[in-house]
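Welcome! Here are some exercises to work through with the structure open beside you, each followed by a solution in small steps.

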Amino acid sequence: MSYTVASGQVIPIETKNSAMVLTVDKGHLLHVSYFGKKLEDKNDYIQFKQQLQQAGDPSGVSNAPYSTAGSRNLFEPAISVIHADGNTSLALQYVSSSIKKVSDDIVETSVQLKDPVYDFKVTLIYRAYQTENVVEQWAEILQNEQGDVRLNKFASANLYWYGRDFWLKQYHGDWAREMQPEVTKLSHGIKTLDTKLGTRADLFQPPIFMVSNGKAPEEDQGEVMLGSIEWSGNYRIDLELDNQNNLRVIAGMNNFADAYELAPGKLFKTPRFLYTLSQKGTGKASRDLQAWARKYRILDGQGSRLTLLNNWETTNFNFNEEKLKAILGDTKKLGVDLFLLDDGWFGNKYPRNDDHAGLGDWQANKKKLPNGIQAVVKQADQMGVKFGIWIEPEMVNPKSELYENHPDWVIKQPNRPEYYFRNQLVLDLSNPKVQDFVFGIVDSLFIKNPTLAYIKWDCNAVIYNAYSAHLKNQSELYVEYVRGLYKVLERIRAKYPKVPMMLCSGGGGRVDYAALKYFTEFWPSDNTDPLERIYLQWEYSYFYPAIASANHVTNWGSQPIKYKVDVAMMGKLGFDIPVSKLKPEELTFCKDAVKQYDQLSDVIWHGDQYRLVSPWNHDFASIMYVNTDKSKAVMFSYLVSNRYDAGSELPVKLKGLDAHKHYKIEEVNLYKGAKSKIKLNKENSYSGSFLMEVGFNPVVNAGRSSVVLVLTATD
Ligand code: DGJ
């Protein structure tokens, strides 16, 4: 609740453990006066600032929760406009605030701000998820001036964090090299994380980051914030260390080439910025974020997932009905739930036999599939295997009937040569006709194949030559594209609310919490080498839960099949291997592992994750998952070095168990007939406290490069 003290009004935005406190001064200006651990006595929030011995802030507005341009603010603004009369100044004063209890867990605070000179209003909305310690915040902009107002910048959030030494962990990447971390101490000035790629927007830089206060991020201690912008297009995150050594974080859509004309009376809603603040390191922060994502964001985040066999790595574009029927047989043999047919099944005038042609022509290729997709689906139905299909509906190859018939549906400059990314162009989703077309692709697949059980939605190109034949104002294309995409996804989910869909973008080029509202899982990377995956999955796990990570066992990497399967199990297990080429013992191992996975998936998908031993600075990695009542846990350990004596010499301290419970330990996922090398006490009974204080040695070494232990409470 907001309250008033002598110096003015106080608006605390609290979760169970953290607080951001806004105060209103006598001049009606709003300030962020505190950002940190939740305090028992709310009056202490006000005392906090007295304790700071910092240089003064002559403008008096540097800690505004939504800084403006053109008036007193001397730093990077969250919003910058040109009013209807051409004036470029904006000042926002506090008008009122209100609090809504959305549920027992969610409290939403709205703060209304207004320019005293212009009829220009901004509402800041803070949605605080109490138990999960997550806050989503966004801005709603409304003007009633004498004409359009140009929004030159329109961020979602503007945090202000008091401190001295801040560290940033950010990520960069490219195809098959997603989620490469970099940690740096923030220096004064601005560090910007952004993308200008349009679609497949996160290919070089995903929209996630963490900032720690006081020291570099650590797993179990220290103050750290995990943040992300919920937007599937161009975003921009500015981290500015100011003259007082405090940190401003301004995040939103990227305003690059993107000024927006806002008509009078029309509401402009920014995407949500999301953060969790932890005083117990990245471990607690990521468990909170994962729990939030499962409960509130990822489609069916608390449900179950389908195991599958995909054909991309095995056949590429080269298959026919007969081959697919054989793979359906392999799906059955492996014991997974579903067969996923990948790229290459469509296009007739321009058959999709490689990535140069056919994209956009979503009719089954008559040569490969003379009896259509329906025949394969029928066969799958008869065999008791579910069927899923790949599409890339936002894209078009210039060599396609779609391109020939609708050149105006394609994003390209009218007076410049076309330029391609993977030989394709992006369809103009700002155009409602294109939205209908894209929705129709999915809809007609379901109408023709009512038992269709899964969609893999790919997105392989970026936007070059951004120009829409549909839009009047070209600078709105990047925003309207993403809004168009969401409109399509809304329609799909209204009609097909539950069907699992994988969010793929040539790998992890579009993993964000706005898109994941419509998807059950994402494809982290085309790089499925299990050694690489250990690092990739480790980094993704700071921000995303295992249930959403689609991990496939493939022919990438030369590790034994057990290593590959064990790594893929730390998420949503799938296969993309020529099953017929597996050795008999490998096939038996995989079949048994699929059955084992059915026993463990509940803990992996819905449990709390603990990162125990980091692969970045050890020669093995250990990760564990513990279910909610701490009665079952699974611990995965992998050798990541091939040096002579690499391995787990010492016990690994487990985490997240009940200190007072006793656990029996069993090694699973062993090759048939193999004996476990773990040393157990006679009773096979270990207290949670022993396992967490002293630890347990999974005995990882060159002969046992991958070990899976299951812990079951016996009391
Ligand atoms: C890129 C995806 O990441 C792959 O898994 C595969 O579906 C190909 N596209 C198909 O073109």
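## Exercise 1: A sheet at the start of the chain

This is a predicted model, and a good place to begin is Val5, which stands opposite Gly8 in E2.

**Task.** Find out how many bridges join E1 to strand E2, and in which direction the two strands run.

**Solution.**
- Step 1: Look at E1 beside strand E2, which spans residues 8–14. Three bridges hold the two together, and they run antiparallel.
- Step 2: Now widen the view. E1 and E2 belong to an open sheet of four strands, ordered E1-E2-E3-E4, with antiparallel pairing.
- Step 3: Check the borders of this sheet. Strand E1 (3–5) and strand E4 (30–37) are the edge strands, as each of them pairs on one side only.
- Step 4: Follow the twist. From one strand to the next, it averages 30°.

## Exercise 2: A parallel sheet

**Task.** Work out which residue in E23 is the bridge partner of Leu338.

**Solution.**
- Step 1: Locate strand E22 (residues 338–341) and strand E23 (residues 386–391), which run parallel and are joined by four bridges.
- Step 2: Start from Leu338 and cross to E23, where its bridge partner is Lys386.
- Step 3: Place both strands in their sheet. Eight strands make up this open sheet with parallel pairing, in the order E28-E27-E26-E23-E22-E21-E30-E29.
- Step 4: Finish at the edges, strand E28 (521–522) and strand E29 (550–553), each of which pairs on one side only.

## Exercise 3: Two rings

**Task.** Explain why the pair of Tyr129 and Trp292 is edge-to-face.

**Solution.**
- Step 1: Begin with the whole structure, where a search finds 43 aromatic pairs.
- Step 2: Take the rings of Tyr129 and Trp292: their centres are 5.8 Å apart and their planes are at 80°, so this pair is edge-to-face. The cut-off needed here is that planes over 60 degrees apart count as edge-to-face.
- Step 3: Trace the chain between them. Tyr129 is in strand E8 (residues 120–129) and Trp292 in helix H2 (residues 281–297), so to speak distant parts of the chain, 163 residues apart.

## Exercise 4: Around the ligand

**Task.** Say which residues come nearest to the ligand.

**Solution.**
- Step 1: Among the 13 residues around the ligand, those that come nearest are Asp342, Asp343, Lys456, Asp458 and Asp526.
- Step 2: Sort the shell by type: six residues are charged, four nonpolar and three polar.
- Step 3: Look at ligand oxygen atoms. One lies 2.5 Å from a polar side-chain atom of Asp526, and one is 2.9 Å from a side-chain N or O atom of Arg422.
- Step 4: Consider the cover. Of the 290 Å² of accessible area that the ligand has on its own, the protein covers 98%.

Note on methods: Residues are numbered from 1 along each chain as its sequence is written. This is a predicted model: local features need pLDDT of at least 70, side-chain atom pairs count only at pLDDT 80 or more; totals for chains, interfaces and linings use all residues. Side-chain values use heavy atoms; hydrogens and water are left out. A residue is near a molecule or strand if one of its heavy atoms lies within 4 Å of it. A polar contact is a pair of N or O atoms within 3.5 Å; within protein, one must be able to donate a hydrogen and the other to accept it, and residues adjacent in sequence count only if both atoms are side-chain atoms. Accessible areas come from the Shrake-Rupley method with a 1.4 Å probe; for residues, only the protein chains shown count as cover. Ala, Val, Leu, Ile, Met, Phe, Trp, Tyr, Cys and Pro count as nonpolar, Asp, Glu, Lys and Arg as charged, and the others, Gly among them, as polar. Two strands pair if DSSP finds at least two bridges between them. Axes are lines fitted to C-alpha atoms, for helices over the stretch in contact, and angles run from 0 to 180 degrees between N-to-C directions. Rings of Phe, Tyr and Trp (its six-membered ring) pair if their centres lie within 6.5 Å; planes under 30 degrees apart count as stacked, over 60 as edge-to-face and the rest as tilted.
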